[in-house]
Amino acid sequence: MEYNRYIVKAKSLVSGQWVMGYYYKMAETTHCLIGECPSAPVHHYILYETMTDWELPNQMLQYEIDPDTICACTELKDKNGNIIFEHDILKGFTYPYKFENEYNYYGICNWFTESKAFMIYTVKNPESNVSGISHSNVELMENWNPAIWEIIGNEFDNSELLGEQYYER
């Protein structure tokens, strides 16, 4: 799969596993707009194209997903070549993230609507003894250096890495 800004990942409602592809949502029915109508349930899906066999048509797989777990693709990679998605937790290898072989802060990849850009939101490692002066710092991901970042989880599966102060913002 070619990773671009239209790719997302989210958790499948059926398996609970992460799936990647193209997002779309669809209402079960369309009601007449005259009078009062109940709202139709909406389903959220990720589409993924897969090969069946050589010279045969490809298949489009459809996964129903939890819309609260949708993560946009940044098109950037970490030091291991892994694609970084929104809500990924990153371990940094430069100050203030790492100092004297201690990981004092983590970075979280977030979309900032005001800036219309992906940015790193800095969170104090709950196990660190630093005062936390860099907590809540934000930096633009425009001059990305993949050698100094590594994905270590995401907000949904690894919330223990962030501590309570992150969720109190």
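Select S12 in this predicted model and display its surroundings. Beyond its neighbours within four places in sequence, S12 is in contact with Q17, V19, E64 and I65. The residue belongs to the loop that runs between β1 (7–11) and β2 (18–27). Its relative accessibility is 8%, so S12 counts as buried. Next, show the polar atoms around the side chain of S12. The backbone nitrogen of V14 is reached at 3.1 Å, and the backbone nitrogen of S15 lies 3.2 Å from a polar atom of the same S12 side chain.

From here, move to W18 and add K9. K9 lies over the face of W18, 4.9 Å from the ring centre. A further arrangement of this kind may be displayed by selecting K91 and Y103: the charged end of K91 sits over the ring of Y103, at 4.8 Å from its centre.

Now turn to the aromatic pairs, of which the count comes to seven. Select Y24 and Y45. Their ring centres are 5.1 Å apart and their planes meet at 20°, so the pair is stacked. It links distant parts of the chain, since Y24 is in strand β2 and Y45 in strand β3 (residues 42–50), 21 residues apart. Y24 counts as partly exposed, at 23% relative accessibility, whereas Y45 is buried, with a relative accessible area of 9%.

Then select W111 and F118, an edge-to-face aromatic pair with 5.0 Å from centre to centre and 75° between the planes. W111 has a relative accessible area of 38% and is therefore partly exposed; F118, at 16% relative accessibility, counts as buried.

Keep F118 selected and extend the selection to the largest nonpolar core. Its eleven residues are A72, I84, L90, Y97, Y105, C109, F118, I120, M141, W144 and W149. Two elements, β10 (105–112) and β11 (117–124), give two or more residues to this core. Apart from it lies another core, of nine residues, including I108, M119, V123 and L162. In soluble globular proteins, nonpolar side chains tend to be buried together.

Centre the view on M141. Leaving aside neighbours within four places in sequence, M141 is in contact with L76, C109, F118, M119 and I120. Among these contacts, C109, F118 and I120 are members of the largest nonpolar core, while M119 belongs to the other core.

Finally, select Y97, W144 and W149, which form one aromatic cluster. These residues also belong to the largest nonpolar core.

Technical notes
Residues numbered from 1 in each chain as written. Predicted model: local features only at pLDDT ≥ 70, side-chain atom pairs only at ≥ 80, totals over all residues. Heavy atoms only, no water. Helix = DSSP H or I, 4+ residues; strand = E, 2+ residues; numbered from the N terminus. Buried < 20%, exposed > 50% of the residue type's maximum accessible area, 1.4 Å probe, protein only. Polar contact = N/O pair within 3.5 Å; in protein donor to acceptor, adjacent residues only side chain to side chain. Contact = heavy atoms within 4.5 Å. Core = buried A, V, L, I, M, F, W, Y, C linked by side-chain atoms within 4.5 Å. Phe/Tyr/Trp six-rings, centres within 6.5 Å; stacked < 30°, edge-to-face > 60°. Lys NZ or Arg CZ within 6 Å of the ring centre and 35° of its normal.
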